[in-house]
Amino acid sequence: MTWSVPYWTVSSSSTARPVLTTQTNVRNVAQAEYRTEWEEVSPVLVECDADVVSLDDSKTHDDMQVLHLSKLLDEAKQENRRFEEQVQSLLNQSMTETSSLQSKIAELRQRNKEALAECERTKKEKEDIVAALTKKNDVIKATLQQQNQEMRQALEDLNRSSARAQGELLDARSSMLVYRQQLTQSSAQLDSLQKEQAARMSLADRVAALEAELKAKDTELAEMKKISSQAKSANAAGARDESTVLVQEFSNLRALLANCIPERPAGIASASMMSSSNEVVSALRKLNSDIHQDATIMAESMAESFGFEKGRVNGNEETSIFQQVGTTIGAGLVHFLGTKSHSEDPILIQIAFQTYITRYLCWLSATWIASGGKERLGTADQSNTTQTVTTAWSALSHILSKHLQFDDTQLCSAAASKIVAGLADILLVAGCDATRPQLCDALKQRFSEKISLLAKSGMRINRLIINSIDRGLDVVVIKPATVFDSTCMDDGYDDGEHDKNTANNRVLCPTDIGLWQRPKGANTGVRILLKPKIALESVVDNLDD
């Protein structure tokens, strides 16, 4: 809103006050009205009647006119003064309103500026939110795509596994039918064996006869030695020969009694339980792989859960545990377990676990009681033995069978407990900061199922060997400190940087079970069906102290 600034004009009279040009028309109208009024009041004010206006001749027409004009001028001045006051009041009011409007305009401009800034900030925040949401949406989309791909892959794997499992199930069903037929045949053979066993003489009489025969042989031998010494001068050569024959016969009899568990005749085992050396080799390969995998998992888990310090075991406890563990896994490995650091890399603990489990399962695979002693006892082959040996074998079989009261579940539980105790001792030798009961509890809680499966595999291999059609099968592990020989063993931790076939390259410990076959004749060599694996002493060269 703008205001026109008024300006002033000066009238012809020098005493006149300035008049606003904006009110010129109003003034002209007022003056015209005053003039008209004056002319009406003073009609004699004309030039021709100038002298009659003033009765006393004191004033002329001009004077009266001047006087009237002065009066009008005064009134005009008063009117102009009132008008100026009104104009000044209006100007003041307009200036006040202008100032108020300017302040309001400034306030509105400030608000507009703040609103624009707020709008810009809101726009920027909106853009940031949109960008963040877009980025998050892209990440979620990529994640969903990856999860979808993984789910598809898992579904495909599951379908393949399902198809493979169905095929294996069909094979198992067909095998079960075959085994059922073989079981029927073996039941018939078992009935015949039981009937044959019932017809035998009393076992107590056999033992008494065996003892009497042994005493008679001892007495006869003593008498023959006495006769031989008395008749030495007369017939030395003949007596010596007879004495030698008697000694050899007595030695053979004692050897047969000492080795009282001969190889089981082929006719004793049922056809459904027969196996071959190839099955034994396959089972051993699977067992060795499971031992290595489980030992790795257990070593890493225990190293993460517990702390290890070098030289933590000391005093009498150190001597007892070190000697006990050293007889199983080797003194060299025990030494390195106590002197090396295991926090960063538990490879030595893994090897020690693998060695202990390997040696124990090797024993379990060959032990007599784990194969079902009553079945393994059987009957002696009478085709190439005398009645005396047959009687002795039957008596000893009866005596030993009375002590076989363990079933597979009890044997598996005992084997698993033994393995857990051995692994706990290895951890203590390695400097673990936990106690033996704590370590046993941790191993049982985490790995009892794995350890039980390993024990069952060892017992299964035991039965495969006993029922194998290939006789003379032996599971073997290489003893520690043995000189490495590539013809009969393999390095399980071969890094390709050492020459193994040297005199100084010795075995640190065994890691895998092997399988050999004993020869039938005395002059033939051992047949290696599966080389046992070992870890050389050089495996610790790159480990931190």
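1. Start with one pair of residues. Leu 515 stands opposite Leu 530, and Leu 530 belongs to strand 7. The model that shows this is predicted. Strand 6, residues 514–517, pairs with strand 7 in the antiparallel sense. Three bridges make up that pairing.

2. Now the sheet around this pair. It is open and has three strands, in the order 3-6-7. The pairing is antiparallel. Strand 3 (473–476) and strand 7 (527–530) are the edge strands. Each of these two pairs on one side only. From one strand to the next, the twist averages 30°.

3. Which helix lies across the three strands? Helix 5, residues 277–305, does so, covering strand 3, strand 6 and strand 7. Helix 5 runs at about 50° to strand 7.

4. Next, the nonpolar interior. The largest nonpolar core has 69 residues. Leu 337, Leu 361 and Leu 423 touch the most other members. Take Leu 423 as an example. Neighbours within four places in sequence aside, Leu 423 is in contact with Met 298, Phe 353, Tyr 356, Ile 357, Leu 443 and Ile 451. Another core lies apart from the largest one. That other core has seven residues, including Cys 488, Met 489, Val 507 and Ile 534.

5. How many aromatic pairs are counted? The count comes to one. The partners are Tyr 360 and Trp 363. Their ring centres are 5.6 Å apart, and the planes meet at 45°, a tilted arrangement. Both residues sit in helix 8 (residues 347–366). Because they are three residues apart there, about one helical turn separates them.

6. Is Tyr 360 buried or exposed? Its relative accessibility is 15%, so Tyr 360 counts as buried. Trp 363 has a relative accessible area of 48% and is partly exposed. The pair therefore joins a buried ring to a partly exposed one.

7. A word on confidence. The mean pLDDT of the protein is 75. Of its residues, 62% reach 70 or more. Over residues 1–22 the pLDDT is below 50. Beyond near neighbours in sequence, that stretch has 27 contacts in the model. Residues 43–55 also have pLDDT below 50. Here the model shows 12 contacts beyond near neighbours in sequence. Where pLDDT is low, predicted coordinates should not be read in detail.

How values were computed: Residues are numbered from 1 along each chain as its sequence is written. This is a predicted model: local features need pLDDT of at least 70, side-chain atom pairs count only at pLDDT 80 or more; totals for chains, interfaces and linings use all residues. Side-chain values use heavy atoms; hydrogens and water are left out. pLDDT is the predictor's confidence in each residue, from 0 to 100. Contact means heavy atoms within 4.5 Å. Two strands pair if DSSP finds at least two bridges between them. Helices (H or I, at least four residues) and strands (E, at least two) are DSSP runs, numbered from the N terminus. Axes are lines fitted to C-alpha atoms, for helices over the stretch in contact, and angles run from 0 to 180 degrees between N-to-C directions. Rings of Phe, Tyr and Trp (its six-membered ring) pair if their centres lie within 6.5 Å; planes under 30 degrees apart count as stacked, over 60 as edge-to-face and the rest as tilted. Buried means under 20% relative accessible area, exposed over 50%, partly exposed in between (1.4 Å probe, protein chains only). A nonpolar core is a set of buried Ala, Val, Leu, Ile, Met, Phe, Trp, Tyr and Cys residues joined through side-chain atoms within 4.5 Å.
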